[in-house]
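The following exercises are to be worked with the sequence and the structure side by side. Each task is followed by a solution in steps.

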Amino acid sequence: EKEDLIDSDTDIEEIIVEDVIVNPILNRSSGGGEGGLDFDCFEIDFPFGLLRDDGSRHEIASEQGFYDVVSDSLLMIVDFEYPLNITYEDGETQVIENSEDLAEAFAACIPSGGWTEDVFPAYLIDMTNSCYTISYPIEIEPEAGEVLTIQSDEELSAAIATDIYYFVFPLTLVQEDGTELIIQSTDEMFDALINCNNIEVNDSIYNWQTGFEYIGCYLLTFPFDVILTTGETVTVEDHMQYCDLMLEGNITNYAYPLSLTDENGVVLTVSSEEELAFALEDCWTIGFPTEELFLLFVGSQDAVPGDPGCYEIVYPISGVTANGDITEYVDGAALESDLEQVVGMNIVYPVSVILNADSSTVTLDNFEDLLILFQGC
């Protein structure tokens, strides 16, 4: 969901006046500043030209100048004048040659929000902003309106330039080696996207519902530095920047020292991966055994689509709440679909798992056995 959208009296649907097509992306700006007009992950640099239906042009040197022109009912503004210069959030620049290029750049902006358990904003996923591409056809839907069937990147870009759409699950993502991954939910979409990162931190759990700001039971303290796949060290200033980097999948490691805050508000500074891994071991004694079943799920092949995990859970298994209510789960799909409830459950022992390393079966009789299993992963 694009943030801070500017309301306009102009219909954002495609408008045809005397055979002149109005570019709907004219209405998709979320504001601007001194440098340019904001289109989420980039700005169109000032000055730029706007074209009227009669072919005349208006030069725009400020945000106010843009809105003065497009809100004038006597002027039929139909498009930008190309080429345009745009500047991305990281300072990279690009020349936009036509409206199709502009729509594609806008569609490739990674959403900064708008997702829930049920919906995920549609955007152009390709090798420029992820480690996946989209396998077409897919379906997308607006907040109100009919579902669209999309056959290509170009069709997806054109739709997103017009309105906010959401992916309709299931959809298929394709890895660089051709491996296909079927995505059934928002959780599976986030799991797939953040797995593009090469962060090798043992026992770390990233939760999209908290904006990835927790590693295990520790809250990251902004600002902090990360190392990208290019070898560049980038300072992450806030939640939105961190969310974009996580979904792009470009992070290979944190740059140390790294400041973390525990559940009691105490700040802990770790100076290496080893120190971080050691600190994370404490997470498995915090809040447990009231999160036993969730911990068992995290290490299993059911936790991340396409990832074999450390072991296969032998179903059925049961969880018990603090009130003594028992729920049986017959497979991984049932367990995942009830994850919010699972987080607060103990395990009804014994349970068994099949280790991926040697296909041996291990029976867990208590929480201590679970910790030993998990630490061995």
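The loop between strand 3 (36-38) and strand 4 (42-45) contains Asp40. The model is predicted, and the exercises begin with this residue.

**Exercise 1. Determine the sign of phi at Asp40, and decide whether the residue is buried or exposed.**

Step 1. Phi of Asp40 is positive, at about 80°, although the residue is not a glycine.

Step 2. The relative accessible area of Asp40 is 14%. Buried means under 20%, so Asp40 is classed as buried.

Step 3. Ser359 also has a positive phi, of about 65°, and is not a glycine. Its place is the loop between strand 27 (351-355) and strand 28 (361-364).

Step 4. With a relative accessible area of 57%, Ser359 is exposed, whereas Asp40 is buried.

**Exercise 2. Locate the cis peptide bonds that precede Pro170 and Pro316.**

Step 1. The bond from Phe169 to Pro170 is cis, with omega near 5°. Pro170 belongs to the loop that runs between strand 13 and strand 14 (171-175).

Step 2. Tyr315 and Pro316 are likewise joined by a cis peptide bond, omega being about 5°. Pro316 sits in the loop between strand 23 (311-313) and strand 24 (317-320).

**Exercise 3. Trace the salt bridges of the structure and state which residues they link.**

Step 1. The structure holds two salt bridges. In general, side chains of opposite charge can pair when their charged atoms come close.

Step 2. One salt bridge is formed by Glu59 and Arg57, whose closest N and O atoms are 3.7 Å apart. The criterion is a separation within 4 Å.

Step 3. Arg57 forms another with Glu81, where the closest N and O atoms are 2.8 Å apart. Arg57 lies in strand 6 (residues 57-60) and Glu81 in the loop between strand 7 (77-80) and strand 8, so this pair ties together parts that are 24 residues apart in sequence.

Step 4. Accessibility is then assigned to each partner. Glu59 is exposed at 55%, Arg57 is partly exposed at 40%, and Glu81 is partly exposed at 27%.

Step 5. Arg57, Glu59 and Glu81 are therefore linked in a network of salt bridges.

**Exercise 4. Identify the residues that form the negative surface patch, and place Glu89 within the chain.**

Step 1. The patch is made up of Glu89, Asp90, Glu92 and Glu232.

Step 2. Glu89 occupies the loop between strand 8 (84-88) and strand 9 (93-96).

Step 3. Membership of a patch requires over 30% relative accessible area. Glu89 has 58% and is exposed.

**Exercise 5. Name the buried residues of helix 3 and the elements against which they pack.**

Step 1. Helix 3 spans residues 153-162, and its buried residues are Leu156, Ser157, Ala159, Ile160, Ala161 and Thr162.

Step 2. These buried residues pack against helix 2 (99-107). They also pack against four strands: strand 10 (132-135), strand 11 (138-142), strand 12 (148-150) and strand 13 (165-167).

Step 3. An α-helix has 3.6 residues a turn, so residues three or four places apart point the same way.

**Exercise 6. Describe the chain as a whole: how many helices and strands does it contain, and what share of it is buried?**

Step 1. The chain contains 10 helices and 28 strands.

Step 2. Of its 377 residues, 44% count as buried.

Step 3. The exposed area of the chain is about 18400 Å², of which carbon and sulfur atoms supply 46%.

Step 4. Among contacts between residues at least 6 apart in sequence, 53% join residues at least 24 apart.

Terms used. Residues numbered from 1 in each chain as written. Predicted model: local features only at pLDDT ≥ 70, side-chain atom pairs only at ≥ 80, totals over all residues. Heavy atoms only, no water. Patch = residues over 30% accessible without salt bridge, like charges linked within 9 Å, V, L, I, M, F, W, Y side chains within 5 Å. Areas by Shrake-Rupley, 256 points an atom, 1.4 Å probe, with all protein chains shown as cover. Salt bridge = Lys/Arg side-chain N within 4 Å of Asp/Glu carboxyl O. Lys, Arg positive; Asp, Glu negative; His and termini not counted. Charge placed at Lys NZ, Arg CZ, Asp CG, Glu CD. Helix = DSSP H or I, 4+ residues; strand = E, 2+ residues; numbered from the N terminus. Buried < 20%, exposed > 50% of the residue type's maximum accessible area, 1.4 Å probe, protein only. Contact = heavy atoms within 4.5 Å.
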